[in-house]
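I opened this notebook to keep track of what I looked up, entry by entry, while finding my way around a structure that was new to me.

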Amino acid sequence: MTAAGIDFGTTNSVAAQWNGEYVEVLEIGGQGLDANWRREGFELLYPSVVGTSSLRPGTLFGWEAKLRSEQAVEACKRMLREEPFVKLGGERFAATTAAAGVFHAIAGAAEEEAATEIREAVITVPANATGAARFRTREASMVYQDPGAA
């Protein structure tokens, strides 16, 4: 059994797993990066961004949201500290829903691109996080674990 972790960063997130011998940082979300964004190590980063585009149906996450959104919410993690609600694509929704969406997108990218499954993950919360940010991160992780909880 492998253990997984998501370092939920303000700008970028990173997913890793322990396979019993070593920790492997997963290369997710960086496939198909535009040439001007292809840099060493970027394939390990998953932007903590949610967005929408008139050219693509649904909500966009990660690099797709960062590079192809007409409307993007950057720094999903910061929203958990400052704003309980965000507006995206003309709709208002809980910031925890956006964060949970990033967690789901990371798990989906891990399955599609790194051929690994993340059912449960330890999600980081910085030591200096406010009580509200800690609470909302925990709430987002619960939605990630049980989408029916939203």
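I began with the surface of this predicted model, where I found that W18, Y22 and V23 form a nonpolar patch with about 320 Å² of accessible area together.

I then asked whether W18 is buried, exposed or in between, and what figure decides it. W18 has a relative accessibility of 38%, and it counts as partly exposed because this value falls between the 20% limit for buried and the 50% limit for exposed residues.

Next I looked up where W18 sits, and I found it in strand β2, which covers residues 12-18. Which strands pair with β2? I noted three partners, taken one at a time below.

For strand β1, residues 3-7, I noted an antiparallel pairing with β2 over 5 bridges, and in this pairing A3 stands opposite W18. The two strands β1 and β2 form a hairpin, with 4 residues between them.

For strand β3, residues 23-25, I noted 3 bridges to β2, with the two strands running antiparallel, and here Q17 of the pairing stands opposite E24 in β3. I also recorded that β2 and β3 form a hairpin with 4 residues between them, and that G20 in the turn has a positive phi of about 100°.

For strand β4, residues 46-47, I noted an antiparallel pairing with β2 over 2 bridges, in which P47 of β4 is the bridge partner of N12.

As a last entry I wrote down a general point, namely that in a regular strand the side chains alternate between the two faces of the sheet.

Terms used: Residues are numbered from 1 along each chain as its sequence is written. This is a predicted model: local features need pLDDT of at least 70, side-chain atom pairs count only at pLDDT 80 or more; totals for chains, interfaces and linings use all residues. Side-chain values use heavy atoms; hydrogens and water are left out. Patches are made of residues with over 30% relative accessible area and no salt bridge: like charges are joined within 9 Å, nonpolar side chains (Val, Leu, Ile, Met, Phe, Trp, Tyr) within 5 Å. Accessible areas come from the Shrake-Rupley method with a 1.4 Å probe; for residues, only the protein chains shown count as cover. A salt bridge is a side-chain nitrogen of Lys or Arg within 4 Å of a carboxyl oxygen of Asp or Glu. Buried means under 20% relative accessible area, exposed over 50%, partly exposed in between (1.4 Å probe, protein chains only). Two strands pair if DSSP finds at least two bridges between them.
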